[in-house]
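Trainee: I would like a close look at a single part of this model, taken slowly. Could you walk me through one pair of packed helices and the core around them?

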Amino acid sequence: MPFFKDTSSSSCMRTGRGLMSPFYHELDKYSDSLSLIISAAESIGDAEPYLDSWYESCIEYVLRVVDYFRSDLSSLLYVALSRNNIEIHVTQPDRQIVNDTHKFISSCSLKELMYNTLVVFTSSVDPEEDNVMIDFDNKIVTYESNAFCRKWAESIEFESDAFKVRQILEDYKVTANEDMNTFRRLLHLAEADHYAFFQGYEFIKLHENGKRSYVSVLSRARQIQ
């Protein structure tokens, strides 16, 4: 049985390293799970359904999430960008879209700054905590957004190619990461240089990512360090 699905979509067959590399973490986790399934299977036929669903699970999830949360996509991106520990309230959703959303948030998070992003889905919510509320029934993300994430969302909301969407996500993450590194450098210099302190202030005030995004992400990263 061929590993790659025989489908009418030409994008399924574009498996060069450059195209697949943004999905490295998804494919790596899927391979680990596949290893366990094959080890436990009595025959290869028992593992065939899982083998057949690799593309749907590892690649197409980005399109499903973009389509599902289209109107609140920028808020979902801002959750991934600005939060470290994420508790998401779930109310009787379709299990696939919950798993897809988990993968989407993880793929958009700044792992280089936030280390391990923890996403927890729960059926209850503590009103005293700063939880992220996602209403899966009505496709609503109750969280703020900013100009950077709105622009990010606009760049993918009508894209139908999963490879392009994933690459755009990576490109915006690189931009955000570079901006955060610049901001951290200015803060470090500001400890002994008042002009660098002023530059950091101007950087926050003028940059389209917005003050809260930078400060919240950086403060969480520093707490972990």
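Mentor: What follows is a look at the packing of helix 9 against helix 10 and at the core to which they contribute. The model is predicted, so to speak, by record: local features need pLDDT of at least 70, side-chain atom pairs count only at pLDDT 80 or more, and totals for chains, interfaces and linings use all residues. Residues are numbered from 1 along each chain as its sequence is written, and side-chain values use heavy atoms, with hydrogens and water left out.

Helix 9 (147-154) and helix 10 (162-190), where helices are DSSP runs of H or I with at least four residues, numbered from the N terminus, pack at an angle of about 160°, with their axes 10 Å apart. The two are therefore roughly antiparallel, a term for angles over 145 degrees. Phe 148, Lys 151 and Trp 152 of helix 9 make the contact with Ile 168, Leu 169, Tyr 172, Lys 173, Thr 175 and Ala 176 of helix 10, contact meaning heavy atoms within 4.5 Å. These residues divide into six nonpolar, one polar and two charged.

Leaving aside neighbours within four places in sequence, Trp 152 is also in contact with Leu 77 and Cys 108. Trp 152 and Leu 169 are among the residues that touch the most other members of the largest nonpolar core, which has 47 residues; such a core is a set of buried Ala, Val, Leu, Ile, Met, Phe, Trp, Tyr and Cys residues joined through side-chain atoms within 4.5 Å, buried meaning under 20% relative accessible area with a 1.4 Å probe, protein chains only. Helix 10 gives the largest share of this core, ten residues.

Notes
Buried < 20%, exposed > 50% of the residue type's maximum accessible area, 1.4 Å probe, protein only. Axes fitted to C-alpha atoms, helices over the stretch in contact; angles between N-to-C directions. Parallel < 35°, antiparallel > 145°, perpendicular 65-115°, else oblique. Nonpolar A, V, L, I, M, F, W, Y, C, P; charged D, E, K, R; others polar.
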